[in-house]
Amino acid sequence: MADFRADKPTHSTLSNVLFFLKLMFKISPWLVIGECFWGVLMRLPTRIVSVLGVKYVIDVITNGEDKMKIVYAVIVIAVVLIVTEVLNAVYREFFFTIQLEKISQGLSEMLYKKAKDLDLESYDDPDFYNNFILVIESSGTRVTMVLGLVQQYIGEIVSLITIGSILATIDPKCLLIILGVVLIFTPVSRKIGNLQALRQIDNNRLHRRADYFARVFYLQDYCKEVRMNDIKPLLLERYNEAAQDVIDNQVKYVRKIDLIYFFQETGVQILGFMLLLPLYLGYCVLKTHTLSAGDFVATFNGAFQIAGSFSFLTVGVVRRFSESARLIEKYREFLKRDKKINDGEKVAECGEAKTIEIKNVSFTYPGNDHPTLKNINMTIRPKEKIALVGYNGAGKTTLTNLLLRLYDVTEGEIKVDGTDIRDVTLQSHRDRFSAVFQDFQLFSASLGENVALDTDIDRERAKEALRHSGFKKKFPDGLDTRLLREFDDEGVIMSGGESQKVAISRAFYKNCPYVILDEPSANLDPVAEYNLNQSMIEAAQDKTVVFISHRLSTTVSADRIYVMEKGEIIEQGSHEELMALGGTYAYMFNLQSEKYKNNKADS
C-alpha cells in the first residue's frame, strides 16, 4: 500500500484545488458559482446582525430613543434571516442536489473513460492500482468535500473583510488588537493543521487495512470459504489488530493536538478577549467616552467572528485543504497517466483470415527480472486451428495477450498479413479478434447484450451463437432476460458452466477472422466439452482459432499443437505427430486419458 506521507506532491495545495474546481466548472459552472454565493449568504447575514443589529438595539436603549425603532429593527432582522433561510432551502433542494449528481456523474464518466484506455501494465503496478481504487471510490465524496471547503472559504473571507471593515469604522485600534492577537498564534494554528493532516493521512492508510476485512465478510467471492473453513477467528483477530492500530494512531495525535490547541485557545482567549481587548474597550467606554455601549458589544461580537474566520482560514484550511489536495494529486496522476500501447497510423482490415507471424518474440512483465516468454517463433496460416498447451505459468495466456496487443512485445514482432500489429490502430486490430478469456465476466445486462456486448443486437445471430456454444437453457423473456441482480432484483444467476457458454457465444457472434479461446471448456462437463468442440469446428471453419486448454482431449482436432514450458516452445506438431514423438505432450495426454478412464471405471 502506498504511503501518502512518502509521496512528494508535484503540485501545490492551491494548484490541486483549482485543478479540481476547473474540472467541476466544466461540468456544472453554475453549481461552482452558486456554492461561492451560498457560502456568503449562509454566513454573512447572521454575522452582520450579531454585530450591527445588536449595536443598534443597545444604542437605541442607552440613548433613550423611541422604543418602536427596536421593533422595526427586529422585524427587518427577522425578514432578512427568513429570506436568507428560504433562499438557502430552495437552492439546496432544487438546484444543488441535481447539479451535484451531474458533477459526480461527469467526473465518474471521465475516470471510467480514462480507465478503459489504460494499458493492462497499469493494473500490474500496485501503487498505481491502489491509487486508482482510491480515486474511483472517493470521487463522489471528494466533490462534496471540495465544494464545501470552497463555499466555506469564500464565506469566511467575505465575512472577515466585512466584519473587519465594520470594526475599523467603530475603532481601528480594536481591529488591530484582534488581528495582532490572532496573528501571534497563527504559527500555532499551522502546527495544529499540519498534525491534523498527517493524522488523516495515517488514518486513511490504516482504515484501508481494516476495510479489507469488511470486504471479506460482505463480498460473495469469499462467502463459501469463510463458511466452510474455520477462518473467522483468524480474520477477526487480524481485524481487531487493524482496528487497534487506528485507535493507537488517534491517541498518538490527539495528545499532541490537544496540548497545542489548548495552548492556542487559552492564549487567544486570555490575552485577547480577557485582557487586551476588554481593557482597551473599557477605557474607551468609561474613561474617554469615545465608544458607546453598543460599540462595546459589537466589537466583542465582531472579535469572536474574526477569530472564528481566522481559525478556519489557518487551521481549517491547512488541515482540510491539505487532505483534499493530496487526494486530488492522485486524480491528476491518474488522468495524466500515459499509455504505452499507442495507435499506429494504418487501419487494419477486418475481412478474410490472413497469415499471422510471431517472430523472435520475448516478453518481460514490468517489474520482473526474468522474461515470461523467450524467443517465440510461430507461423499461423489462415483458418488454422492452433492449440497452446503446457503447465500453468508456461506463458500461454501471455502469448495470446500479445496477439491481442493488450501488452507490447519486449523483443521481436508480431505481423498479420505482413504488417506489424504496432503499425495499425488499436481498435482496428482488436476488432478483427474475438476473445474468450479464462477469467471471463458476465455483465449486469440482458442475455442478448451479454452475447453481443452491445445494445444493438442482431437477434438471429445471437441465438445462433448461443446454439453453437451449447447454451440450451430457455427463459420466458429469451434474449431480453436480465442477468445478475445489480439492476434487477429478479435477474438470473447462472451456473459456472452456463456463464461460460454465454461467454463463448461472444466468439461465435462477432464477425471477425480470428478467435482466441483461453480455456473455453474449463467449467464444462466432458459431454458439453465434446459438443463445444464440434460446434467450434462447425462455426469457425472460415476463422483462424487459437485456443488454450488443459484438457488435451480438446486439442486432438487442432491442426497444430504448440507445447510451451517456461516461456519457450518445446514441441510442435499435430496430435498424431506429438504422440509419435513420445515427449511432454504424449506424457500429459496419456496421463489425462488414464485418469479419465479410472474415473469412468469408478463411477
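1. Contact here means heavy atoms within 4.5 Å. By that criterion, residues 24 or more positions apart account for 77% of the contacts in the chain with a separation of 6 or more. The model is a predicted one.

2. Overall content: the chain has 603 residues, and 46% of them count as buried. Its secondary structure comes to 19 helices and 10 strands. The chain exposes about 32,000 Å², of which carbon and sulfur atoms supply 57%.

3. One open sheet deserves a look. It is formed by 4 strands in the order S2-S1-S4-S5, with antiparallel pairing. Strand S2 (373-380) and strand S5 (419-420) are the edge strands, each pairing on one side only. In general, strands of a sheet pair through backbone hydrogen bonds, either parallel or antiparallel.

4. At the S5 edge, strand S4 (residues 411-416) and S5 pair in the antiparallel sense over 2 bridges. Lysine 415 has aspartate 420, in S5, as its bridge partner. Helix H12 (residues 396-403) packs on this sheet and touches strand S1 (356-363), S2 and S4. The direction of H12 makes about 120° with that of S1.

5. Helix H16 covers residues 496-509, 14 residues in total. From the first C-alpha of H16 to the last, the helix reaches 20 Å, close to the 20 Å expected at 1.5 Å a residue. H16 is also mostly covered, with 13 of its 14 residues buried. Buried is taken as under 20% relative accessible area.

Definitions and conventions
Residues numbered from 1 in each chain as written. Predicted model: local features only at pLDDT ≥ 70, side-chain atom pairs only at ≥ 80, totals over all residues. Heavy atoms only, no water. Pairing = 2+ DSSP bridges. Axes fitted to C-alpha atoms, helices over the stretch in contact; angles between N-to-C directions. Expected span 1.5 Å × (residues − 1). Buried < 20%, exposed > 50% of the residue type's maximum accessible area, 1.4 Å probe, protein only. Areas by Shrake-Rupley, 256 points an atom, 1.4 Å probe, with all protein chains shown as cover.
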